[in-house]
Amino acid sequence: MGSIHQNFRKHVLLFLIAVGVGVLWLPRAFHPASPAAGTPHKVHIAFGFHVNLYHSFRGDTNDENGFGQDIRVIRHTIAELDRFNRQGIPVHGVWDFDNLFSLQEILPSHAPDIITDIQRRVRENNDDVILMSYNNGLMSAMTDEEFMTAMQRAMSNEQGSGVKDLFARVAPVVRPQEMMTTPGNFKRYQALGIEAVSLYYSATPFDAFRMFSHVLTPAQAHNPVTYRNPATDEQIVVLPTYHAGDLVENVSLRDWAERLHRLQDEGKIDRDVLIFINFDADAEFWTGADLPWHLDWLPNTGGLAQLVESVADLDFVTFSNVSDYLAGHEPVGTVQFSQDTADGSFNGYNSWAEKACASDYWTRIARNRRIHRVARNLLAANDAPGMSPDLADLLHGSFETRLRALSTTNFGLATPFLTRPREAAMDKLLGRLDWYSDQIQSRLNDRARKMIASHRPNPLSDPSGEALETFVYLAPEGSTERHLTFNLPIQVSVDDRFIIADTLGQVIPTTLETLDGRPAGQSAGFYISRHEQMPDGIYTLYRMPPAEKAALPSDNPVFADVTLLKNESIRVQLDANGHVAGVTCDGVRQLDPGSLVPYIVYQGKQYRPGRLTVTVEQTGRHGVAALRLQGPWNGPQAMTRAPGWVDYRLRLLQDVPYLFVDGCIRYPDTRRNTVIQPDKPLLARKVDAGWQEVAPVELRFSHRTNRAHPFVVHKRNFLGSEDAYAVDYFRHSPDNVNVADINNHITAAYVGISARGHGMAVAMNNAVRANFAFSPLKLKHLTQSDTFAIQANPFGTYYGSQIVPPTRGNRLGYEAVILSAPQLHSAGPTYNGYADRFDLMVGFFDGDAIPDRLKQDLLAFADRPAAIGLQTDAKPQPAAVSGLAPAGFLALADETGVVFHWEGDPAKGVRYRIHLASPNGSDSATYVTSATTYRVNANEFTGRHESFNAFIQAVYPNGRTSARSPQIRFQRTPTTDHELEIPNDFKLKILWANVAAWMQRNL
């Protein structure tokens, strides 16, 4: 059974930094200080400590499984800074904090001395405090209200946890959580008095903007630069920032500083420079640690102390902070990039957005946002009663809960899975958010019913119409084409005709678009053309008698059979297996074979469903053509516990030049044999690491391009800011002609791609499934033609080699992060056995930008008008009972007992029965719990047996039980620590880099 060490990052970086900081294993006597230089320019060094005690890799306990590690390391850092200051070495700290979790909740209760000590250091030792955000939030995916609230509270708030509330001096600099930015953020920072943004310019895969801008000169890379964005008319100072991996990339801090100073001596840098190292305050990089026995020969493992001591004797080095440096040094040059930045895998949002759970979480957040928007619109209606205290309290509590849910920690950085305590906390938090959403919706329903009761509709001129639903209609601003969904009280047919009428009896034609049966009625989707006027108001949906059936003409523009789906613009061809063979628009190929049918990549091999059953749901007779594709989906034969299932629908509407795709999917369920964090039993988990890529509805764009005309990605964020960026990373390295995962586009509604006059855009229906970065892209280089192809992957995840950034270093920092960073694992394992659904709109266009009409229709598809009616909203159907044994059953011992973990069943009310027995059966016990983690204390193990067997099964509310899990064997006492493994060739590379640096300085 394999294992993945989430804390491998810590050990590898400790080794690499130990070797990469200062001179290795060579006597100090052979390492003299550099002679005084003739240049007056200095190398300034600042150390930044990023404080956030709310983690995705650990839990919420005051020990090493939670924020206890933070407290221990931060106290050590403060003590070291104090020690150096007492010795006359004027080193400073640059601190940034989240306010809600760290300054407001955790530190005051568990380590108030940390706040007091940093307050003292700000007053007496010239430490800096800079801003992060109140809720360590997903700032690039926030609305204007959320963003401004989070940053205003970061400065000052009623709870007194703002940095201005706590510290005597605050620098006007922000270090965004996880380096997340998007156009529109920067002008808001400036409006709040923030003058500069600290962003990683790292030569490693843990970066913000190095890959996206032009290559900075050494002077620019170590000085403030001016960020400009012509598309949003923004300008702000950006401070290039570095982390532990960059020390390895530059051999050591001393070598880095000396190399920069040589450039100053040679006149190649004509100004001061700043090396700003900013890294997680909980990282044991700052403390140093004992290394395994086979690395005991490595000296200089002293953390912050070693860093400071390695440069303290250099007369050209000045210890600084960011506020003093920025005050005395103007920006050097400009940078421009349009990508939405984040320091996750593939230099983007993969580590947060591409987990299976991320879309579930975001859909619930999106629902809450939508309900708030509807509440504002309803309260603004002419006949609506004013805000009641009850509703005001619900809206306030709901917003506060949403701000907490918007923490980046609730989505990542941990990959593939969040730690179990974080999952449990997020489930509880979102349960609370759902409760608020339900309560607000109930109040809105009551208000709508009162409004409806006071405006009875006039009778139709056609008395044969049957009223099905009367509703209050509230459209988002700028809505064009409209898609409405109703839960109908009766069964209807695709052959029925429907109209909508206002209270005066004015008729609005409507088309039945989708029909999904439910036990209590039907959920029906209706389409209203952009050409029909429909202002906010009260309307009634009527069913009209069906028209007489006539033979469908063979040349009907809207048509469906088992091999073809078409309308006036779009043509979808299916092959004999029910798979899409291609899609054209106006006679031009747009999507290649393999599009729209799911696949997974498992251990390098692709698995798709076999033959799918194709059913014609709507022939085109009433202006809608729809095909349903259904069938089983087999996974890897030797590893699959249960096959998956596909149920997709492709539809076209008359005179609408877009393809609509909705579906439900259940992924194959495979056995889990790899353990994550085996050295931390409380945080451990068993996964199947064979899952690498997941593509539920991939769009394989047919058009190709070349190096001179790269693909351009078009995007729109939650601030309404629109921008685009080119995928031209091959300009930095030939390794980047293939880019495994491109996800630098926050998606409030859609993402588009274009090249050489052809384009495609895809939007999600946020009411069905939403995600803040829902569609990663993959760039493929076609070697024979030296051209490029691109694919979009809505609600999926890609995986492969990391992007290679430009560097003046040795590339070893890049390798170090590849070896050590757990967030670089694939998110694929999170889809194992997962059930999902989606609703998409795909449009094609000519030109190099998304046309306004298509853009408006994408937005209208994503954010639908509200239709609050008299019928009860349809409740989600309960999850089906699979009968499979709970997956991933695992037992690990620690100092106080044995911890059991397993994956939960999605059905409600499930309990789990764990049975333990000694090998001979003489000692046994049974435990029952509703959780997915259970601890058996050490004193509960009687007798002399060291090893035990165990199995688990689910117990359903009706008394049925699942199959038993395979039996596992475990030890009741902890096993030895897992040893650190670093490739020998990499050790030699690091060693040689340091020897070469020493020789250059001394010989």
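A crossing of two helices is called right-handed if the near helix is turned clockwise from the far one by less than a right angle, and left-handed if anticlockwise. The exercises below concern a predicted model.

**Exercise 1. Describe how helix 2 packs against helix 11, and state the handedness of their crossing.**

Solution. Two packed helices are described by the angle between their axes and the distance between the axes. For helix 2 (residues 68-86) and helix 11 (residues 304-311), the axes come within 10 Å and cross at roughly 25°. Angles under 35 degrees count as roughly parallel, and helix 2 is therefore roughly parallel to helix 11. The crossing of helix 2 and helix 11 is right-handed.

The next step is to name the residues that meet. Helix 2 contributes Thr77, Glu80, Leu81, Arg83 and Phe84, while helix 11 contributes Leu304, Ala305, Val308 and Glu309. Sorted by class, the residues of this contact are five nonpolar, one polar and three charged. As a background point on such spacings, an α-helix has 3.6 residues a turn, so residues three or four places apart point the same way.

**Exercise 2. Decide how far helix 11 is enclosed by the rest of the structure, and identify what covers its buried residues.**

Solution. Begin with the cut-off, under which a residue is buried if its relative accessible area is under 20%. In helix 11 the buried residues are Leu304, Ala305, Gln306, Leu307, Val308, Ser310 and Val311. Because seven of the eight residues of helix 11 are buried, this helix is largely enclosed by the rest of the structure. The cover over those buried residues includes strand 2 (43-51), helix 2, helix 9 (244-249), helix 10 (253-265) and strand 10 (317-319).

**Exercise 3. Classify the packing of helix 5 with helix 15, and work out which residue classes make the contact.**

Solution. Helix 5 (residues 144-155) and helix 15 (residues 389-405) have axes 11 Å apart and pack at an angle of about 80°. Since angles of 65 to 115 degrees count as roughly perpendicular, helix 5 is roughly perpendicular to helix 15. On the side of helix 5 the contact is made by Glu145, Glu146, Thr149 and Arg153, and on the side of helix 15 by Phe399, Glu400, Arg402 and Leu403. By class, this contact of helix 5 with helix 15 has two nonpolar, one polar and five charged residues.

**Exercise 4. Establish whether Lys778 is buried or exposed, and find the polar partners of its side chain.**

Solution. Lys778 lies in strand 41, which covers residues 777-782. Its relative accessible area is 9%, and Lys778 is therefore buried, the cut-off being under 20%. The side chain of Lys778 makes a polar contact with the side chain of Glu693 at 2.8 Å, and the side chain of Lys778 also reaches the backbone oxygen of Ala740 at 3.1 Å. Leaving aside neighbours within four places in sequence, the residues in contact with Lys778 include Val739, Ile742, Ala789, Ile790, Gln791, Tyr798 and Tyr799.

**Exercise 5. Describe the surroundings of Leu659, and say where Pro822 lies.**

Solution. Leu659 belongs to strand 30 (residues 658-666) and is buried, with a relative accessible area of 0%. Not counting residues up to four places away in sequence, Leu659 touches Leu565, Ile570, Val572, Leu596, Leu650, Arg651, Leu652, Leu840, Met841 and Val842.

Pro822 is placed in the loop between helix 17 (812-820) and strand 43 (835-846), and this proline is buried at a relative accessible area of 1%. From C-alpha to C-alpha, Pro822 and Ser345 are 9.5 Å apart in space, although they are 477 residues apart in sequence.

**Exercise 6. Locate the cis peptide bonds from Gly412 to Leu413 and from Thr415 to Pro416, then examine the phi values of Asp586 and Gln603.**

Solution. The bond from Gly412 to Leu413 is cis, with omega near 25°, and Leu413 is found in the loop between helix 15 and helix 16 (420-453). Thr415 and Pro416 are likewise joined by a cis peptide bond, with omega about 5°, and Pro416 lies in the loop between helix 15 and helix 16.

Turning to phi, Asp586 has a positive value near 55° in a residue other than glycine. Asp586 sits in the loop between strand 22 (580-585) and strand 23 (588-591), and counts as exposed at 57% relative accessibility. For Gln603, phi is positive and near 50°; Gln603 is in the loop between strand 24 (599-602) and strand 25 (605-607), and is exposed, with a relative accessible area of 62%.

Notes
Residues are numbered from 1 along each chain as its sequence is written. This is a predicted model: local features need pLDDT of at least 70, side-chain atom pairs count only at pLDDT 80 or more; totals for chains, interfaces and linings use all residues. Side-chain values use heavy atoms; hydrogens and water are left out. Helices (H or I, at least four residues) and strands (E, at least two) are DSSP runs, numbered from the N terminus. Buried means under 20% relative accessible area, exposed over 50%, partly exposed in between (1.4 Å probe, protein chains only). A polar contact is a pair of N or O atoms within 3.5 Å; within protein, one must be able to donate a hydrogen and the other to accept it, and residues adjacent in sequence count only if both atoms are side-chain atoms. Contact means heavy atoms within 4.5 Å. Axes are lines fitted to C-alpha atoms, for helices over the stretch in contact, and angles run from 0 to 180 degrees between N-to-C directions. Angles under 35 degrees count as roughly parallel, over 145 as roughly antiparallel, 65 to 115 as roughly perpendicular and the rest as oblique. Ala, Val, Leu, Ile, Met, Phe, Trp, Tyr, Cys and Pro count as nonpolar, Asp, Glu, Lys and Arg as charged, and the others, Gly among them, as polar.
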